[in-house]
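Please open the structure in your viewer and keep the selection tool at hand. The tour below goes from one selection to the next and says what is there at each stop.

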Amino acid sequence: MKRILINFLIISAIYIYIPNQVNAENKLDFYMNDFYKKSNEASLILKEIEIDMKLGIKKKICSRQIKAAKLGILANESLFKAFQIAGTEPPNSSLNASTKRWKSLLDDCMNIKEMLSN
């Protein structure tokens with residue numbers, strides 16, 4: 001009985017005095033992972049569209065481009081937030097140029113869809 005009580009006290013002391021660290025994702029990691037995930041997904045969609053166009057398949061190209069553009073814009077926003085959290089100066093010219101390209105792709109497809117619906 002004594003041995004059980006001593007073991008219990010030792011185990012309790014370990015859990016009380018030695019802090020358990022949870023390997024949770026901090027905000028910076030969250031935004032960086034979000035950036036990589038969304039930018040990779042957007043790039044993959046664009047590669048699939050390119051392959052389809054080379055094969056002459058024009059099925060749902062604009063809707064997929066719109067999805068890719070929205071993902072690209074969201075990815076850039078996550079990257080900008082990551083830079084803010086890290087306290088470093090983001091490469092504004094690169095981020096702005098990238099966002100401008102994604103918005104251009106989005107606007108082009110939105111205009112085409114609007115013309116086709118009229």
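Begin with the lysine at the end of helix α2: select K54 together with E50, which stand four residues apart in that helix and are therefore separated by about one helical turn. As you look, keep in mind that this is a predicted model. The two side chains meet in a salt bridge, with 3.5 Å from N to O. K54 is exposed, because its relative accessible area is 66% and exposed means over 50%. E50, at 43% relative accessibility, counts as partly exposed.

Next, stay in helix α2 and select K38 and D34, whose side chains also form a salt bridge, here with 3.1 Å from N to O. Helix α2 covers residues 27-54, and because K38 and D34 are four residues apart within it, about one helical turn separates them. Are these two residues buried or exposed? Both K38 and D34 are buried.

Now select D52 and R64, where a further salt bridge brings the closest N and O atoms to 2.8 Å from each other. This pair links distant parts of the chain, since D52 belongs to helix α2 and R64 to helix α3 (residues 61-86), with the two residues twelve apart. D52 counts as buried, because its relative accessibility is 18% and the limit for buried is under 20%. With this stop you can close the list of such contacts, as a search of the whole structure finds three salt bridges.

From there, move to S43, which also lies in helix α2, and show its C-alpha atom along with that of L71. These two residues are 28 residues apart along the chain, and their C-alpha atoms are separated by 9.3 Å. S43 itself is partly exposed, with a relative accessible area of 33%.

For the last part of the tour, select helix α3 from end to end. How many ångströms should the 26 residues of α3 span at 1.5 Å a residue? The expected span is 38 Å, and the end C-alpha atoms of α3 are 37 Å apart, which agrees with that value. The expected figure is obtained by taking 1.5 Å times one less than the number of residues in a helix. Finally, step just past α3 and select G87, which takes a positive phi of about 75 degrees.

How values were computed
Residues numbered from 1 in each chain as written. Predicted model: local features only at pLDDT ≥ 70, side-chain atom pairs only at ≥ 80, totals over all residues. Heavy atoms only, no water. Salt bridge = Lys/Arg side-chain N within 4 Å of Asp/Glu carboxyl O. Buried < 20%, exposed > 50% of the residue type's maximum accessible area, 1.4 Å probe, protein only.
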